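Student: I have a structure to go through. Can you take me through its aromatic side chains?

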Amino acid sequence: MNRLLVCSALTLSAVSLAQTAEAQLVEEARIGVMQHNICVIDCKNADKEDGPTVEGEIVFASPEFLKYIWAPRPYALASINVSGDTSYGAVGLMWNWDFAEDWSLEPSLGYAIHDGAVASPFPQGSPESNAFSQENVLYGSEDLFRTGLAVNRDIGENWGLQLQYEHLSHGQILGNGRNQGVDSIGLRAYYRFGG
């Protein structure tokens, strides 16, 4: 929980920067609603947690040194679950490739910390542990990867809409043992500064 507070504080700091920063530093602000814990491929853990989640994100200009990896833009994101299930904060990099006029594809990779269940607090195999595991996504680590893929549609010079898919899990790299993860999909609006 303390880590989530730290990440939330960093995200709020980024938001306050966006309010005063010039376009050279902050390029976009985004807000949207995601359906949390959906079924994509492995549905054993889908729908254990409720939603929706409300996401706010600040996207920064790509620093010069990132040009060697196709100039990704850094981001800071806060995702708040309105039903009280897992919320998280994340930072990472996103790439943007135009594929048609006013349309682009945006893959992203980041690091997230969350306030969800890591493991059952009850002895393994006990009825309480089994019941807890049936009702909660067990992330296996407080540190998670956040991967995402979005389709963006520009609407006018500064505004746009985004269909966003994201996946959170530790991938047996940031943790070991349980790695149930969670998938979300949703719609977000973005505003591009300095258009």
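Tutor: What follows covers ring pairs, a charge over a ring and a surface patch. This is a predicted model, where local features need pLDDT of at least 70, side-chain atom pairs count only at pLDDT 80 or more, and totals for chains, interfaces and linings use all residues. Residues are numbered from 1 along each chain as its sequence is written, and side-chain values use heavy atoms, leaving out hydrogens and water.

Student: How many aromatic pairs does the structure hold?

Tutor: Four. Rings of Phe, Tyr and Trp (its six-membered ring) pair if their centres lie within 6.5 Å; planes under 30 degrees apart are stacked, over 60 edge-to-face, the rest tilted. One pair is phenylalanine 99 with tryptophan 103, tilted because the planes are at 40 degrees, with centres 6.4 Å apart.

Student: Is phenylalanine 99 buried or exposed?

Tutor: Exposed, at 51% relative accessible area. Buried means under 20%, exposed over 50%, partly exposed in between (1.4 Å probe, protein chains only). Tryptophan 103, at 35%, is partly exposed.

Student: And which kind of pair do tryptophan 159 and tyrosine 191 form?

Tutor: Edge-to-face, 4.9 Å centre to centre with 65 degrees between the planes. This pair links distant parts of the chain, 32 residues apart: tryptophan 159 is in strand E8 (residues 159-169) and tyrosine 191 in strand E9 (residues 182-192). Strands (E, at least two residues) are DSSP runs, numbered from the N terminus. Ring pairs link Trp159, Tyr191 and Phe193 into a cluster.

Student: New topic. What sits over the ring of tyrosine 190?

Tutor: The charged end of arginine 30, 5.6 Å from the ring centre. The cut-offs are NZ of Lys or CZ of Arg within 6 Å of the ring centre and within 35 degrees of the ring normal.

Note on methods:
Helices (H or I, at least four residues) and strands (E, at least two) are DSSP runs, numbered from the N terminus.
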